[in-house]
Amino acid sequence: MLKIDEENGLLRIRASGKLESSDYDDFVPRFEQLVGRKPGKLPMVIELASDFAGWDLGGLWRDLKFDAHHKDSFGRIAIVGDAKWEEWGTRLSDPLIRAEMKFFEASQHQVAENWARSGEDTA
């Protein structure tokens, strides 16, 4: 499941469970609505819930298409999670995304938010 909200120019995204293609049906229009309200790139905090289990094949395909289509909307992206594989996943996907990305442990949520807001995308 994907949830998204915006507060003072910061997008907050929460991913939980195993993401499937259908999870993007509501998420993508909501993302486009939020991004359309503010010009330029928006910083994001993506929180990976403790039950986040990655993507199934359809979900991975939708995620890759989403990233490619919306890459010019991404400011800094802070990924917040607990698992070591989530940190490695962030490092592996960093070269594929134009925006600057950084992984933070769940206990560093406020630090992650401050980092995401702290500067323009430098990628």
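Start by selecting Leu57, Trp61 and His69: these exposed residues (over 50% relative accessible area, 1.4 Å probe, protein chains only) sit on the face of α2 turned away from its buried side. Helices here are DSSP runs of H or I with at least four residues, strands are E runs of at least two, and both are numbered from the N terminus. You are looking at a predicted model, where local features need pLDDT of at least 70, side-chain atom pairs count only at pLDDT 80 or more, and totals for chains, interfaces and linings use all residues. Residues are numbered from 1 along each chain as its sequence is written, and side-chain values use heavy atoms, leaving out hydrogens and water.

**Around α2**

Now turn to the other set of α2 residues: Gly59, Asp63, Phe66, Asp67 and His70 are buried (under 20% relative accessible area, with partly exposed lying between the two cut-offs). They cover an arc of only 95 degrees around the axis, so they share one side of α2; the arc is that of the directions from the helix axis to the C-beta atoms. Show α1 and β4 next, since both are included in what covers these buried residues (contact means heavy atoms within 4.5 Å).

At the N-terminal end of α2, pick Asp56, which caps the helix: one of its side-chain oxygens lies 3.2 Å from the backbone nitrogen of Gly58.

**The aromatic rings**

Which aromatic pair is edge-to-face at 4.9 Å centre to centre? A search of the whole structure finds eight aromatic pairs, and Phe31 with Phe66 is the one to select, with 80 degrees between the planes. Phe31 lies in α1 (residues 23-37) and Phe66 in α2 (residues 57-70), so the pair ties together parts 35 residues apart in sequence. Rings of Phe, Tyr and Trp (its six-membered ring) pair if their centres lie within 6.5 Å; planes under 30 degrees apart are stacked, over 60 edge-to-face, the rest tilted. Phe31 counts as buried at 1% relative accessibility, and Phe66 does at 8%. Add Tyr24, Phe27 and Phe74 to see one aromatic cluster with Phe31 and Phe66.

**On to α4 and β4**

In α4 (residues 109-117), select the buried residues Ala112, Glu113, Trp115 and Ala116. They fall within an arc of 165 degrees, so they line one face of the helix. Their packing partners are β2 (10-15), β3 (42-48), β4 (74-81) and β5 (101-105).

Finish at Arg76 in strand β4, buried at 12% relative accessibility. Its C-alpha is 4.7 Å from that of Pro43, though Arg76 and Pro43 are 33 residues apart in sequence.

Technical notes. A polar contact is a pair of N or O atoms within 3.5 Å; within protein, one must be able to donate a hydrogen and the other to accept it, and residues adjacent in sequence count only if both atoms are side-chain atoms.
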